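Got the viewer open and a free hand for the mouse? Let's take a walk through this protein, one selection at a time.

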Amino acid sequence: DIGVFAQSATQVAQRPPSQWETIQLYCFGCHNESVRAGNLFLDKLDPKAVPDNPEIFEKVVRGEERRVAVSISPQMGKSEVLSRGGPAWASGLNPRMNIMLGSYNQDLADEFGDDVRRIMQSHAFHNIFPEHALRKGGAAKDLLITENKGKLAFVGVGGSGTGKPADMFLIDDPVKSDEEAQSATYRERIW
């Protein structure tokens, strides 16, 4: 019945889209396993991993929230969205921003840095942030510098953040195992 379809289409148009619908509509076209834009595969995200309040990260970037903890079950997309996409997006909005991301070891921190670099060098990123650019010549995975002198530093536990300013500090998986999590000595060493 066309009347029922028209009514349900009107109801859908009147309500704001869910976060998951927004990601499907605007992000899946480029960030999927086939296209691989920026090595960010949002089509593999579990819909339950998309928070009801994604604006919390925007508030952090704008400086309206100073401390936020995000707790999502393992393998639900937290690192993909916050630790890979987050620094790229925040730097795209403010290329002068200094961002530091810490993780349990330098190898994982370098992996994050490499993925963020790929995102920032993708066509999709440049379509959204056409004026943003990384300095030429640097291939380091642990430090990305924008043409506007913003820095994105990626450090592992025990690594040095000394001399690296941070307007925003993200911590993703500072503890590798349950054994480390249960160790008071290890917990005291983390940042």
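Start with everything shown and color by accessibility: 35% of the 191 residues of the protein count as buried. Keep in mind that this is a predicted model. Switch on the surface and you are looking at about 12000 Å² of accessible area, 50% of which belongs to carbon and sulfur atoms.

Now go to cartoon view. You should find eight helices and four strands. Trace the chain from the N terminus and the elements come in the order α-α-α-α-β-α-α-β-β-β-α-α. As for contacts with a separation of 6 or more, 65% of them join residues 24 or more positions apart.

**Stop 1: the sheet**

Select the four strands. They make an open sheet in the order 2-3-1-4, with mixed pairing. Which strands stand at the edges? Strand 2 (143-145) and strand 4 (168-171) do; each has a single partner strand, so one side of each is left without a neighbour in the sheet. Turn the view and follow the twist, which averages 10° from one strand to the next.

Next, pick strand 1 (residues 99-103) and strand 3 (residues 151-156). These two pair in the parallel sense over five bridges. Show methionine 100 as sticks: alanine 153 in strand 3 stands opposite. Then look from methionine 100 towards strand 4, where its bridge partner is phenylalanine 169. Strand 1 and strand 4 also run parallel, joined by four bridges.

While strand 4 is selected, turn on its side chains. They alternate: Met168 and Leu170 point to one face and are buried, while Phe169 and Ile171 point to the other and are not.

**Stop 2: helices on the sheet**

Go back to strand 1 and strand 3, which pair in the parallel sense. Add helix 4 (residues 78-93), which packs on the sheet and touches strand 1, strand 3 and strand 4. The direction of helix 4 makes about 170° with that of strand 1. Bring in helix 5 (residues 106-120) too: this helix packs on the sheet against strand 1, strand 2 and strand 3, and its direction makes about 155° with that of strand 3.

**Stop 3: helix against helix**

Hide the strands and keep helix 4 and helix 5. Their axes come within 9 Å and cross at roughly 50°, which makes helix 4 oblique to helix 5. The crossing is right-handed. To see the contact, show Ser79, Ser83, Arg84, Gly85, Pro87, Ala88 and Ser91 of helix 4 together with Glu111, Phe112, Asp115, Val116, Ile119 and Met120 of helix 5.

Now swap helix 5 for helix 3 (residues 55-62). The axes of helix 3 and helix 4 come within 11 Å, crossing at roughly 45°, so helix 3 is oblique to helix 4. This crossing, of helix 3 and helix 4, is right-handed. On the helix 3 side, the contact is made by Phe57, Glu58 and Val61; on the helix 4 side, look for Leu82, Gly86, Trp89, Ala90 and Leu93.

**Last stop: arginine 189**

Finally, select helix 8 (residues 184-189) and find arginine 189 there. Is arginine 189 buried or exposed? Its relative accessibility is 56%, so arginine 189 counts as exposed, the cut-off being over 50%. Add glycine 158 to the selection and have the viewer draw a line between the two C-alpha atoms: they are separated by 7.7 Å, although the two residues are 31 apart along the chain.

Methods:
Residues are numbered from 1 along each chain as its sequence is written. This is a predicted model: local features need pLDDT of at least 70, side-chain atom pairs count only at pLDDT 80 or more; totals for chains, interfaces and linings use all residues. Side-chain values use heavy atoms; hydrogens and water are left out. Buried means under 20% relative accessible area, exposed over 50%, partly exposed in between (1.4 Å probe, protein chains only). Contact means heavy atoms within 4.5 Å. Accessible areas come from the Shrake-Rupley method with a 1.4 Å probe; for residues, only the protein chains shown count as cover. Two strands pair if DSSP finds at least two bridges between them. Axes are lines fitted to C-alpha atoms, for helices over the stretch in contact, and angles run from 0 to 180 degrees between N-to-C directions. Angles under 35 degrees count as roughly parallel, over 145 as roughly antiparallel, 65 to 115 as roughly perpendicular and the rest as oblique. A crossing is left-handed if the near helix is turned anticlockwise from the far one by less than a right angle, and right-handed if clockwise.
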